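Subject: Structure for you to look at

Dear colleague,

I am passing on a structure that will be new to you, and I would be glad if you could look through it with the notes below beside you.

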Amino acid sequence: ELIQKWSHSAINSALTLPKANPFIPDELKLKTANTSNTHPKLIQQESNLKLWHQLDTSFNVPRSSLYIALQSPIANSTPRNSLLTSLLTGIIKKQLNSYAYPAHLAGLNYSVYATERGMSISLSGYDQKQSVLLDRIIAALNAPEITENRFNILKARFQQKLINAQRQQPFQQVLAELKRSLIERRWTNEQKLEALPSLTRQDLTLFAQNFLKKLHLNILLQGNITSTEAKSIASMLNQQLNLSPDAPQVPAARIIQLQEKTLSARKLTIDNHDAALALYFQAPNKSITSQAEAQLLGRIISTEFFADLRTRQQLGYNLGAAALPMKDVPGI
């Protein structure tokens with residue numbers, strides 16, 4: 001009786017094959033050019049964008065990589081704006097999740113992440129359909145779906161992440177604070193935790209609009225892509241983001257220069273019975289020679305440092321000695 005019932009049942013309309021994956025490439029030819037570059041070249045420079053390009057098929061695969069740095073003067077100007085930039089990035093990633101899944105299945109990957117100067121987008125994989133995914137990412141940036149529920153979930157996650165950072169082991173907190181104190185516009189967890197509770201969905205909506213007003217783009221295309229195609233993508237980005245012709249280029253955060261032959265000390269208040277110490281030596285300059293010397297010296301002393309304290313003295317410390325560059329400034 002049950003088999004008879006099944007035999008005469010209508011097919012559920014929800015049981016269907018998925019739509020054809022729009023990201024599966026059907027053009028896999030390697031592209032050529034009259035000249036070959038061993039590294040990316042600046043092929044277009046305007047007041048609101050820079051375009052770097054390199055046609056590189058040395059691995060004989062029809063793949064390329066695309067990086068877009070969206071720089072905004074408001075992105076990291078305050079702890080509040082730094083949080084809003086991260087929240088906006090989270091909203092866009094959530095918005096793209098279901099759409100970008102077929103792209104991942106077709107060998108096309110992407111990431112969107114907050115940076116100290118704004119936001120970055122990266123794409124990698126088969127080059128033919130990258131522009132299709134890029135269109136959708138830019139559309140999400142222009143019209144982020146900032147619902148109350150989505151905003152509250154992201155806000156709670158960020159709050160928990162900041163609280164968890166304050167519960168890390170002392171040596172982790174000391175190293176993190178060392179980096180924060182030496183890099184300009186690197187806000188502390190305490191500053192962010194103080195700014196986070198007052199943020200609302202309306203604040204993020206307004207910030208998302210202002211973020212786009214003074215964007216400066218740095219674009220790099222590398223792989224199986226011609227310079228003509230690269231310029232076409234730059235033109236598309238210029239139009240879709242409606243770039244302002246007078247957008248300022250946001251300078252990178254500088255490293256605080258320590259005075260020679262001085263020692264400055266700070267003590268952190270950490271709710272933990274363990275004690276931790278970080279001692280940082282900054283090189284006097286950031287020349288290639290200084291960078292190499294710091295890397296080499298770090299490797300030379302690392303093994304001996306560990307062997308003496310842990311092997312010979314058999315002390316139970318979590319320890320290490322190594323080169324610790326801050327951006328392009330070498331140190332140990």
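To start with one pair of helices, Leu134, Asp135, Ile138 and Asn142 of helix 3 are in contact with Ile233, Met236, Leu237 and Gln240 of helix 8. Sorted by class, the residues of this contact are five nonpolar, two polar and one charged. Please keep in mind throughout that this is a predicted model. The axes of helix 3 and helix 8, the latter spanning residues 227-240, come within 11 Å and cross at roughly 20°, and since angles under 35 degrees count as roughly parallel, helix 3 is described as roughly parallel to helix 8. The crossing of helix 3 with helix 8 is right-handed.

Helix 3, which covers residues 130-142, also packs with helix 2, at an angle of about 165° and with the two axes 10 Å apart. Helix 2 and helix 3 are therefore roughly antiparallel to each other, and their crossing is right-handed. On the side of helix 2 the contact is formed by Ile92, Gln95, Leu96, Tyr99, Ala100 and Ala103, while helix 3 brings Val132, Leu133, Arg136, Ile137, Ala140 and Leu141. In this contact of helix 2 with helix 3, 10 residues are nonpolar, one is polar and one is charged.

Helix 2 has a further contact, with helix 4: their axes come within 10 Å and cross at roughly 125°, which makes helix 2 oblique to helix 4. This crossing, too, is given as right-handed. The residues that meet are Leu83, Ser86, Leu87, Gly90, Ile91, Lys94 and Gln95 from helix 2 and Arg150, Phe151, Leu154, Lys155, Phe158 and Leu162 from helix 4. They divide into seven nonpolar, three polar and three charged. Gln95 of helix 2 is thus listed in the contact with helix 3 and in the contact with helix 4.

Finally, there is the largest pocket, which has a volume of about 1,300 Å³. Its lining consists of 44 residues, and Phe158, Lys161, Leu162, Asn189 and Lys192 are those that lie nearest the centre. The elements that give two or more residues to this lining are helix 2 (79-105), strand 4 (108-115), helix 4 (148-165), helix 5 (170-182) and helix 6 (189-195). By class, the lining of the largest pocket has 14 nonpolar, 15 polar and 15 charged residues. Phe158 and Leu162, named among the residues nearest the centre of the pocket, also belong to the helix 4 side of the contact with helix 2.

With best wishes

Technical notes
Residues numbered from 1 in each chain as written. Predicted model: local features only at pLDDT ≥ 70, side-chain atom pairs only at ≥ 80, totals over all residues. Heavy atoms only, no water. 1 Å grid on protein atoms, 1.4 Å probe; cavity = no way out; pocket = protein on both sides within 12 Å on 5 of 7 lines; lining within 4 Å. Points joined across faces, edges and corners; volume = space filled by probe spheres on them. Helix = DSSP H or I, 4+ residues; strand = E, 2+ residues; numbered from the N terminus. Nonpolar A, V, L, I, M, F, W, Y, C, P; charged D, E, K, R; others polar. Axes fitted to C-alpha atoms, helices over the stretch in contact; angles between N-to-C directions. Parallel < 35°, antiparallel > 145°, perpendicular 65-115°, else oblique. Left-handed = near helix turned anticlockwise from the far one by under 90°. Contact = heavy atoms within 4.5 Å.
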